[in-house]
Amino acid sequence: IFETHGWSLIRYKEYLTDLSEESWAGDLNKAARGVIEDTDGKIYTLMTTGSCLGTAVNMNVCEAAGVDPWSIETWEDFNAACDKIKEAGYTPIANYFTSAGALANADGSWLNYEGEQFDDSAAMLDGSWDWADYKVVLDYLQTWFDNGYLYEDCGTIKQADAIERCARNECAFIVGIGTSYQAAVVAQNPDVKMAMIPICASQKGGARFCGIGEGASFGIWKDTDEMDVCKAFLNYVAENADGINAAAGEISTLPSETTKSYGMQMMEEMESHFPNVFYDNLWDRKYMPSGMWNVFQVAAGMFCEDQSDDSKQEIIDYLKENYTDLYEAAQIDGANRFKRLNQEGSWKTAPFFKFISREDGQKMEKKRKRILLSLSIPAFLLIVIFMIVPLGNALRVSFFKWNGYSQKMKFIGL
């Protein structure tokens, strides 16, 4: 049994059994299928729970400011709503730039989906993306700073702070957050009415989307000798998903007989207003190599400190450099995995873990070693100049009688 946790298609599908014909497969809801269903209709995991990332809305604040969040379609609409909220004396956006999500969770709105400004998906997945289009994301986020939509301490606060302020009805939105945020707000103040809307489209006609993350999800190794036992286990989990979901407190992806979770209620309310909402895997999981989340967190801090054009270019260069390095590292890691499994020939697998030949892998490994060697040369030179040379000179002087400043030195030996 694989616990796939977000990677059933992206990393593991070549190892997993197709489960699309199982009795429970047809019961999975749209949010789940949007994440775990392959282009050919196959699914490789039983996803019982999930997290949904959209835009959290404090309905109390919006009503007080005369804003209808259900009418927001584009980022232009969103900014217009923020202007009204600010005029009413509230903080429009509670996003915090101590998190990578500030720069990553909504990026598909500009860069990936049908009807948006760019479609860079293929380049992102094959490692050739040049990051030039990412400037449009930074240009838009700059408007949040320029227009005063954010808290002044957005570079130091964290999620707990945003929850407390929202519970006090101080702020209206937080973009790219899971439904656990709304539940935490209501837990602190039951009188707050929270809701969720999809991530905005970058232009009219663009996709309204939410990011979905696999929660408790289970797949089966395709070559197991215990296929019947494994399928019996998955059937048991599916039949008892109601109790499991109640314990987990996440969004259910199978029909629920008990009282729906707060997150499920918000999702269904959102779908009633946005029936064409599009669900996709979490953006960094689908389009970025493993390790980029921490890189985005550093970049978020850089952007919060300085939104100038020079800073934007520095951030883009920083992201591109790490993306390239992590992508190449993933290719080497993928090649080593397949070598250990004694696979031969071409192998079509998920992005960032595709098969490369042993020769190409060796070339990339040699390149990595050359880079590491070149980086160590400056440190080696410093050690030679400031440690080895002075030590050698001290050893030489120890053989002489010398007062430390005179040019006369008398050799006395040991």
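In this predicted model, Trp144 is buried, its relative accessible area being 3%, and Tyr140 likewise counts as buried, at 10% relative accessibility, since buried here means under 20% relative accessible area. Both residues belong to helix 7, where Tyr140 and Trp144 lie 4 residues apart, or about one turn of the helix.

A comparable arrangement is found in helix 3, where Trp75 and Phe78 are 3 residues apart and therefore separated by about one helical turn. Both Trp75 and Phe78 are buried. The rings of Tyr140 and Trp144, for their part, have centres 5.8 Å apart and planes at 80°, so this pair is edge-to-face. In general, a pair of aromatic rings is described by the distance of the centres and the angle of the planes. The structure as a whole holds 25 aromatic pairs. Among them is the pair of Trp75 and Phe78, which is edge-to-face, with 5.6 Å from centre to centre and 90° between the planes. Elsewhere, ring pairs link Trp129, Trp131, Tyr134, Trp283, Tyr287, Phe296, Tyr323 and Tyr327 into a cluster.

The setting of these residues is a chain of 414 residues, of which 48% count as buried, and whose secondary structure comes to 16 helices and 12 strands. When contacts between residues at least 6 apart in sequence are considered, 71% of them join residues at least 24 apart. The accessible surface of the chain comes to about 20700 Å², and 53% of this surface belongs to carbon and sulfur atoms.

Helix 3 illustrates how a helix can be placed within such a chain. With 13 residues (residues 75–87), helix 3 should span 18 Å at 1.5 Å a residue, and its end C-alpha atoms are indeed 18 Å apart, so the expected and the computed spans agree. Its buried residues are Trp75, Phe78, Asn79, Ala81, Cys82 and Ile85. Seen down the axis of helix 3, the buried residues fall within an arc of 160°, and they therefore line one face of the helix. Glu76 and Glu87, by contrast, are exposed on the other side of helix 3. The elements against which the buried residues of helix 3 pack are strand 3 (49–58), helix 2 (59–65), strand 4 (91–93), helix 5 (108–111), helix 7 (135–146) and strand 5 (171–178). Just after helix 3, Gly89 takes a positive phi of about 95°.

Strand 3, one of the elements packed against helix 3, is itself mostly covered, as 9 of its 10 residues are buried. As a general point, strands of a sheet pair through backbone hydrogen bonds, either parallel or antiparallel. Strand 3 runs antiparallel to strand 9 (residues 251–252), to which 2 bridges join it, and in this pairing Thr49 has Ser252 as its bridge partner. Strand 7 (residues 209–214) is also antiparallel to strand 3 and is joined to it by 4 bridges, with Gly213 as the bridge partner of Ser51. The pairing of strand 3 with strand 5 is antiparallel and extends over 5 bridges, and here Thr55 stands opposite Val175. A further antiparallel pairing, of 4 bridges, joins strand 3 to strand 6 (residues 194–197), where Ala56 stands opposite Met196.

Ala56 and Met196 also appear among the contacts of Gln182, which, when neighbours within four places in sequence are left aside, is in contact with Ala56, Met194, Ala195, Met196, Tyr262 and Met266. Gln182 lies in helix 9 and is buried, with a relative accessible area of 0%. Ala184 is likewise placed in helix 9 (residues 179–188), but at 24% relative accessibility Ala184 counts as partly exposed. Although Ala184 and Glu164 are 20 residues apart in sequence, their C-alpha atoms are 8.9 Å apart in space.

A separate description applies to an open sheet of 3 strands, which has the order 1-8-2 and antiparallel pairing. Strand 1 (2–3) and strand 2 (46–47) stand at the edges of this sheet with a single partner strand each, so one side of each is left without a neighbour in the sheet. Strand 1 pairs with strand 8 (residues 217–219) in the antiparallel sense over 2 bridges, and the bridge partner of Phe2 in strand 8 is Gly219.

Definitions and conventions: Residues numbered from 1 in each chain as written. Predicted model: local features only at pLDDT ≥ 70, side-chain atom pairs only at ≥ 80, totals over all residues. Heavy atoms only, no water. Buried < 20%, exposed > 50% of the residue type's maximum accessible area, 1.4 Å probe, protein only. Contact = heavy atoms within 4.5 Å. Areas by Shrake-Rupley, 256 points an atom, 1.4 Å probe, with all protein chains shown as cover. Expected span 1.5 Å × (residues − 1). Arc of directions from axis to C-beta. Pairing = 2+ DSSP bridges. Phe/Tyr/Trp six-rings, centres within 6.5 Å; stacked < 30°, edge-to-face > 60°.
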